[in-house]
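This report describes the overall form, the nonpolar core, the salt bridges and several individual sites of one protein model. The account moves from the whole chain to single residues.

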Amino acid sequence: YMHKMIEAPNKDKRGEFSMVTAVKPSIITQGLRYCLATGNWGDQKKAASAKAGVSQVLNRYTYASTLSHLRRTNTPIGRDGKIAKPRQLHNTHWGLVCPAETPEGQACGLVKNLSLMCFVSVGTPGGPLTDFMRQRDMELLEEYDPVMNPNATKVFVNGTWVGVHKNASQLMDVLLDIRRKGLISFECTIIRDVRDREIKIFTDAGRVMRPLFVVDNDPRSDSRGTLMLKQDHVQRLRDDLTILAGGEMNGMSEEERDANIFGWKGLIKNGVV
């Protein structure tokens, strides 16, 4: 249609370019239907180059098999290769990947399953955090003079060296505090490497994370060295189970449900995990 429009010798005969005539809605619909039905993601005519297994039929044999299927991960390496390294357990899998659940045979160790409480980060912008640290006495890289301050701590945001800070422990306390208060996303990872004098902050998407209990390490606190999780938090979670079992939440929207129950978001808001 487009060729016909361009090559038309007479401008008057050409008329306006009509999107409705050019693109038939059935082409898009049929294409999506085919991809979702077969799992071959790509053009139907180029089926050989299409990515297979993108959409799958959810396994519903048992509740456990459904959970397992929803948390399955795939390593895109040829199954026929006899290389052992990608199939073996690695130290960094600890707490994130199930060490036992993997298929037998040629996909062994290449298809893994995330542990039940793992989640994948959605990601937040790193720019506002850099601006915040700059207001908290962080020197930008362009302004830094290594002769004047040789022992400064480097600050990295998503792998990029953005600046240096003289008082690393104070910056760490401030960053952890604003994360506990919910001013920045709970998904932000803040790591301090004392030996290498580095603070690494990650806010990007696609990181596999797991929940951890928070320990109160404030020197001024009476309960220093103990968990932030207290008996009343556990009781509120038990109350949630009673509310959910009673069926009072049926028909409520997600926002109303979050407002009425303590749950996971309540634990994060209270700085317990």
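A residue is called exposed when its relative accessible area is over 50%, buried when that area is under 20%, and partly exposed in between. With 51% relative accessibility, K265 therefore counts as exposed. The structure discussed here is a predicted model, and the values below are computed from its atoms.

## Overall form

The protein contains 10 helices and 9 strands. Its C-alpha trace spans about 80 × 60 × 50 Å along the principal axes. The radius of gyration is 27 Å, whereas a compact globule of 273 residues would have a value near 19 Å. Buried residues make up 26% of the 273 residues of the protein. The exposed surface amounts to about 19700 Å², of which carbon and sulfur atoms supply 57%. Among contacts with a sequence separation of 6 or more, 47% join residues that are 24 or more positions apart.

## The largest nonpolar core

In soluble globular proteins, nonpolar side chains tend to be buried together. In this model the largest nonpolar core has 18 residues, and the members that touch the most others are M133, V155, L175 and I201. At least two residues each come from α6 (127–135), β5 (153–157), α7 (168–180) and β8 (198–202). Helix α7 provides the largest share, with 5 residues.

Which residues is M133 in contact with, leaving aside its neighbours within four places in sequence? They are M138, V155, V157, L171, L175 and I201. Three of these partners, V155, L175 and I201, are named together with M133 as the core members that touch the most others.

## Salt bridges

Side chains of opposite charge can pair when their charged atoms come close. The count of salt bridges in the model comes to 6. Three of them are set out below, with the distance between nitrogen and oxygen and the relative accessibility of each partner.

| Salt bridge | N to O distance | Basic residue | Acidic residue |
|---|---|---|---|
| K200 and E198 | 3.6 Å | K200, 28%, partly exposed | E198, 15%, buried |
| R220 and D218 | 3.3 Å | R220, 74%, exposed | D218, 27%, partly exposed |
| K265 and D258 | 2.9 Å | K265, 51%, exposed | D258, 32%, partly exposed |

The bridge between E198 and K200 joins a buried acidic residue to a partly exposed lysine. Both residues fall within the range of β8 (198–202), one of the elements that supply at least two residues of the nonpolar core. In the pair of R220 and D218, the arginine is exposed and the aspartate is partly exposed. The pair of K265 and D258 likewise sets an exposed lysine against a partly exposed aspartate.

## Cysteines

How many disulfides does a search of the whole structure find? The search finds 0. For C118, the nearest cysteine sulfur is that of C98, at 11 Å. A disulfide requires two cysteine sulfur atoms within 2.5 Å, so the separation of 11 Å leaves C118 outside any such pair. C118 is buried, with a relative accessibility of 6%. C188 is in no disulfide either, and the sulfur of C118, the nearest to it, is 18 Å away. At 4% relative accessibility, C188 is also buried.

## Two further buried sites

Is S68 buried or exposed? Its relative accessibility is 10%, which means that S68 counts as buried. S68 belongs to helix α5 (residues 63–70). Beyond residues up to four places away in sequence, S68 touches E101 and N113.

A50 is placed in the loop between α4 (25–38) and α5. This alanine is buried, with a relative accessibility of 17%. Apart from residues up to four places away in sequence, its contacts are N40, W41 and G42. The C-alpha atoms of A50 and C35 are 9.5 Å apart in space, while the two residues are 15 residues apart in sequence.

Note on methods:
Residues numbered from 1 in each chain as written. Predicted model: local features only at pLDDT ≥ 70, side-chain atom pairs only at ≥ 80, totals over all residues. Heavy atoms only, no water. Core = buried A, V, L, I, M, F, W, Y, C linked by side-chain atoms within 4.5 Å. Buried < 20%, exposed > 50% of the residue type's maximum accessible area, 1.4 Å probe, protein only. Helix = DSSP H or I, 4+ residues; strand = E, 2+ residues; numbered from the N terminus. Contact = heavy atoms within 4.5 Å. Salt bridge = Lys/Arg side-chain N within 4 Å of Asp/Glu carboxyl O. Rg over C-alpha atoms; globule rule 2.2 N^0.38 Å. Areas by Shrake-Rupley, 256 points an atom, 1.4 Å probe, with all protein chains shown as cover.
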